Amino acid sequence: FGITSVQIMSTSAPVTDASAWISEAKMPVRVRLIDFPMTSMPAWKNPGSRRTDGLLTVSGTKWIIDGTPIERLMFLREPYSDSPSLRGRLNFPEEDLRLFLQRSLAAGEQPMFHAVGDAAIDTVLAALESTGGDKWAPLRPRLEHGDMLEPAHFDRAKRLGIVLVQNPAHFMTAPLLQLRLGERMARTDVVKSTIAAGVPFALGSDGPMNPYLNMMFAAINPTNQREALSVEQALAAYTRGSAFAEFAEGQKGTLAPGMLADLAMLSQDIFKAPPPELPKTTSLLTIVDGRIVHERK
């Protein structure tokens with residue numbers, strides 16, 4: 001696929017163990033390993049950000065603040081349209097969230113939050129404001145998915161340095177979202193408006209590895225077709241946006257003199273291919289750090 005960098009949320013092992021295994025495996029792509037503790041927030045211990053070799057970085061911590069609309073655990077301000085007795089829930093008490101953020105800010109640790117529903121996003125923004133406000137901007141707190149980030153959030157998000165990291169595979173749940181949210185679906189996945197407002201924006205997989213499949217999803221966006229991205233916008237979010245989300249925009253994410261030699265030659269011009277043809281794209285030649293790591297014979 002021409003992928004030269006991955007960001008991994010480590011759930012199956014502590015990042016200290018996983019980083020040793022990844023170094024030993026000598027993976028041919030750049031890896032950012034992110035702490036994903038399966039503990040209570042008060043039990044969190046900062047593993048420390050460190051680079052263990054030229055291709056591996058360990059930094060950041062992610063928490064799952066709410067669930068998803070699939071199981072009706074996405075935390076909403078108002079009840080689900082198809083289940084008026086439910087509006088989801090937070091997975092952590094708000095006081096624990098603030099405690100983690102205080103410790104994260106002191107440690108200089110980039111915080112990341114799976115926060116999908118409007119009430120979950122409200123909670124994260126309020127906690128960031130109460131624990132540091134503008135001081136968070138240099139650490140670029142990340143909202144993973146952030147499906148219900150809305151225009152009313154944009155100014156606060158920019159002031160706090162929020163980076164929205166979205167996953168286009170989520171856009172393909174439109175029929176389910178219509179049942180769960182009703183008319184609220186019109187203010188879901190407003191990714192085009194997010195970019196226009198100047199909120200830093202990145203795309204990732206969270207499922208299908210094929211980035212061109214996800215670009216197709218982004219260019220269709222059946223959840224909110226008015227918010228569909230162009231292929232150019234999707235590519236920029238996958239490359240330059242994702243590099244910004246991991247503080248690496250000065251090294252990668254664009255093709256320019258002085259940047260890392262991480263690049264791919266693709267099997268077709270993705271700017272000319274119709275969206276249904278995008279998933280057929282593969283890499284003819286993938287280069288990482290100036291070294292050929294894949295070549296199609």
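**Exercise 1. How does α3 pass α4: in a left-handed or a right-handed crossing? Then work out how the two helices are oriented and which residues meet.**

*Solution.* Start with the handedness: α3 passes α4 in a left-handed crossing. Keep in mind as you go that this is a predicted model.

Next, take the geometry. The axes of α3 and α4 (residues 151-160) lie 11 Å apart, and the helices pack at an angle of about 40 degrees. That angle makes α3 oblique to α4, because angles under 35 degrees would count as roughly parallel and those from 65 to 115 as roughly perpendicular.

Finally, list the contacts. On the α3 side you will find Asp118, Ile121, Asp122, Leu125, Ala126, Leu128 and Glu129. They meet His153, Arg156, Arg159 and Leu160 in α4.

**Exercise 2. Which residue forms a salt bridge with arginine 77, and how are the two partners placed along the chain?**

*Solution.* The partner is aspartate 122, with the closest N and O atoms 2.7 Å apart. This pair links distant parts of the chain, 45 residues apart: arginine 77 sits in the loop between β4 (56-64) and α2 (94-107), while aspartate 122 belongs to helix α3 (residues 118-131).

Now check the surroundings. Arginine 77 has 31% relative accessibility, so it counts as partly exposed. Aspartate 122, at 22%, counts as partly exposed as well; the cut-off for buried is under 20%.

**Exercise 3. Where does the salt bridge of arginine 30 lead, and is arginine 30 buried or exposed?**

*Solution.* First, find the partner: the side chains of arginine 30 and aspartate 289 meet in a salt bridge at 3.0 Å, N to O. Then place both ends. Arginine 30 is in strand β2 (residues 30-35), and aspartate 289 is in the loop between β10 (283-288) and β11 (291-295), 259 residues apart. As for accessibility, arginine 30 has a value of 9%, so it counts as buried.

**Exercise 4. Describe the salt bridge between lysine 297 and glutamate 295, then say how many salt bridges the structure holds and which residues one network joins.**

*Solution.* For lysine 297 and glutamate 295, the closest N and O atoms are 3.6 Å apart. Lysine 297 is exposed, with a relative accessible area of 86%, whereas glutamate 295 counts as partly exposed at 41%. Turning to the network, salt bridges that share partners join Arg77, Asp118, Asp122, Glu150 and Arg187. The structure holds 16 salt bridges.

**Exercise 5. What does asparagine 221 touch, and what does its side chain reach?**

*Solution.* Begin with the location: asparagine 221 is in the loop between α7 (211-220) and α8 (231-245). Its relative accessibility is 0%, so asparagine 221 counts as buried. The side chain of asparagine 221 reaches the backbone oxygen of glutamate 227 at 3.5 Å. Leaving aside residues up to four places away in sequence, asparagine 221 touches Phe171, Asp189, Val191, Glu227 and Ala228.

**Exercise 6. What is the packing geometry of α7 and α8, and which residues make the contact?**

*Solution.* The axes of α7 and α8 are 9 Å apart, at an angle of about 130 degrees. These helices are therefore oblique to each other, since an angle has to be over 145 degrees to count as roughly antiparallel. The crossing of α7 and α8 is right-handed. Pro211, Asn214, Met215 and Ala218 of α7 make the contact with Ala234, Leu235 and Tyr238 of α8.

Note on methods:
Residues numbered from 1 in each chain as written. Predicted model: local features only at pLDDT ≥ 70, side-chain atom pairs only at ≥ 80, totals over all residues. Heavy atoms only, no water. Salt bridge = Lys/Arg side-chain N within 4 Å of Asp/Glu carboxyl O. Helix = DSSP H or I, 4+ residues; strand = E, 2+ residues; numbered from the N terminus. Buried < 20%, exposed > 50% of the residue type's maximum accessible area, 1.4 Å probe, protein only. Polar contact = N/O pair within 3.5 Å; in protein donor to acceptor, adjacent residues only side chain to side chain. Contact = heavy atoms within 4.5 Å. Axes fitted to C-alpha atoms, helices over the stretch in contact; angles between N-to-C directions. Left-handed = near helix turned anticlockwise from the far one by under 90°.
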